[in-house]
Amino acid sequence: MLKKWLWGTSLTLALAITGVIVYYGYSIVHFANSISTASETSTSETNQNTDNPTTPVPKWEGKERVNILLLGGDTRGDDAGRSDSVMVASIDPVSKKAHLFSVLRDTYVDIPGHGKSRLNAAFSYGGAELTKQTVGDLLGIPIQHYVYTDFIGFMALVDAVDGIDIDVEKDMYYTSKADKHMYDIDLKKGLQHMDGKTALQYVRFRHDATSDFTRTERQRIFMTELAKKMQSTTSLFKIPEILEAVAPYIETDLSPTQMLKLASLGFDINVNEIDKQQIPPNKLLTNELAGSAQVLGVNKPKLQAYIQNLFEEDAKFSEDESTKVPDLN
């Protein structure tokens, strides 16, 4: 298809397109190498992509569902902190159906090797790997990979895409001397074009009656708008600049080749059709006490059955699509 298209263009345009592919290819490979912690990444794999950056982005060949843990940390200085945001992106490569789960951080869970505690404590005990294991055990699904960033990385990404437009549902205000007012929140109701700093305030605010419930909802809304912005033509032309801006603040166990394949899969997904929801859903939550502290309990078997039902619906959709008779009229 690419050859046919190039035949119809001028030599100048063809050379320009080739230059863009080379430039972006090198930038993506360089970015993937810089943030990956995957020890299994082979030298030959990396060199192959670097030496031949014009090679088309590889496709995701697997048919199994891909579950990726998205972690936003509140690391501050030497303090490892806890996970401020815990989300799971689940993608069916066959049906191209995707889910974005916001996992409530106060859910009372079993943390392997550490007993029961709030979910966000897993990060302080064992980082992303232990959190990945804990979330997988809770949801009853394999979490294959994780992507982690902190406050600074989040702000850098939003600034790199020139901000996001969000309709703020109400005034939001919070101040804290403990952080020397670095992360104070002061937002006004209404449509706003948010830079990195104001976006961080929006996704972190939870100082009202609904606390983490509406906060996770805002995070899902923001992630959807960010995904739309990343798929826009303007952002595509800025890919090298965006990757360079966020690379110092992101860590993942995806190998460079896996990242390239996942990026290719991501562009096949309709952002507007992503299922976004809070996990555990309210109907499966119970209020419990851990000592004198109130925590969120959950019926684990029912939660896992709920998740599996969502995935079975994706599979059924894929089967229905494959058996449809083409309309020849």
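**Entry 1. Strands 13 and 14**

I begin with a definition: two strands count as paired if DSSP finds at least two bridges between them. The model I am reading is a predicted one.

I looked up strand 13, residues 285-290, and strand 14, residues 293-298. Six bridges join these two strands, and they run antiparallel. By the definition above, at least two bridges are required, so I record strand 13 and strand 14 as a pair on the strength of their six. Which residue of strand 14 stands opposite E288? I found V295 in that place.

I then turned to the hairpin that strand 13 and strand 14 form, which has two residues between the strands. There, G291 takes a positive phi near 70°. I note for comparison that most residues other than glycine have a negative phi.

**Entry 2. Strands 1 and 6**

I next examined strand 1, residues 66-73. Seven of its eight residues are buried, so strand 1 is largely enclosed by the rest of the structure. Six bridges join strand 1 to strand 6, and here the two strands run parallel. I looked up one bridge partner in particular: I68 is matched with H145 in strand 6.

**Entry 3. Aromatic pairs**

How many aromatic pairs does the count give? I recorded three aromatic pairs. One of them is formed by F123 and Y148, with 5.0 Å from centre to centre and 15° between the planes. Planes under 30 degrees apart count as stacked, and the pair of F123 and Y148 is accordingly listed as stacked. F123 belongs to helix 4 (residues 121-139) and Y148 to strand 6 (residues 145-150), so their pair ties together parts that are 25 residues apart in sequence. Both F123 and Y148 are buried.

I also looked up F154 and F222. Their ring centres lie 5.5 Å apart and their planes stand at 45°, so this pair is tilted. The pair links distant parts of the chain, with F154 in helix 5 (residues 151-160) and F222 in helix 7 (residues 211-230), 68 residues apart. Are F154 and F222 buried or exposed? The cut-off for buried is under 20% relative accessible area. F154 counts as buried at 15% relative accessibility, and F222 is buried with a relative accessible area of 1%.

I added one contact between a charged residue and a ring. R65 lies over the face of F311, at 3.7 Å from the ring centre.

**Entry 4. Helix 5 and the residue D162**

I returned to helix 5, where seven of the 10 residues are buried, and I note it as mostly covered. Among these buried residues are F151, M155 and V158, and F154 from the tilted pair is also one of them.

Helix 5 is followed by D162, which lies in the loop between helix 5 and strand 7 (164-168). D162 has a positive phi of about 65° although it is not a glycine. At 43% relative accessibility, D162 counts as partly exposed.

**Entry 5. K96 and P280**

I looked up K96, which is found in the loop between strand 2 and strand 3. K96 is not a glycine, yet its phi is positive, about 65°. K96 is partly exposed, with a relative accessible area of 30%.

I then checked a peptide bond. The bond from I279 to P280 is cis, with omega near -5°. P280 lies in the loop between strand 12 (275-279) and strand 13. As background, I note that most peptide bonds are trans.

**Entry 6. The cavity**

How many cavities of 30 Å³ or more does a search of the whole structure find? I recorded one. The largest cavity has a volume of about 40 Å³. Twelve residues line the largest cavity, and S85, V86, V103, T216 and Q219 lie nearest its centre. Strand 2 (83-91), strand 3 (98-103) and helix 7 each supply at least two residues of this lining. By class, I recorded four nonpolar, four polar and four charged residues in the lining.

**Entry 7. S34 and E251**

My last search concerned S34, which is found in helix 2 (residues 11-35). S34 is partly exposed, with a relative accessible area of 42%. S34 and E251 are 217 residues apart along the chain, while their C-alpha atoms are separated by 8.7 Å.

Key. Residues numbered from 1 in each chain as written. Predicted model: local features only at pLDDT ≥ 70, side-chain atom pairs only at ≥ 80, totals over all residues. Heavy atoms only, no water. Helix = DSSP H or I, 4+ residues; strand = E, 2+ residues; numbered from the N terminus. Phe/Tyr/Trp six-rings, centres within 6.5 Å; stacked < 30°, edge-to-face > 60°. Buried < 20%, exposed > 50% of the residue type's maximum accessible area, 1.4 Å probe, protein only. Lys NZ or Arg CZ within 6 Å of the ring centre and 35° of its normal. 1 Å grid on protein atoms, 1.4 Å probe; cavity = no way out; pocket = protein on both sides within 12 Å on 5 of 7 lines; lining within 4 Å. Points joined across faces, edges and corners; volume = space filled by probe spheres on them. Nonpolar A, V, L, I, M, F, W, Y, C, P; charged D, E, K, R; others polar.
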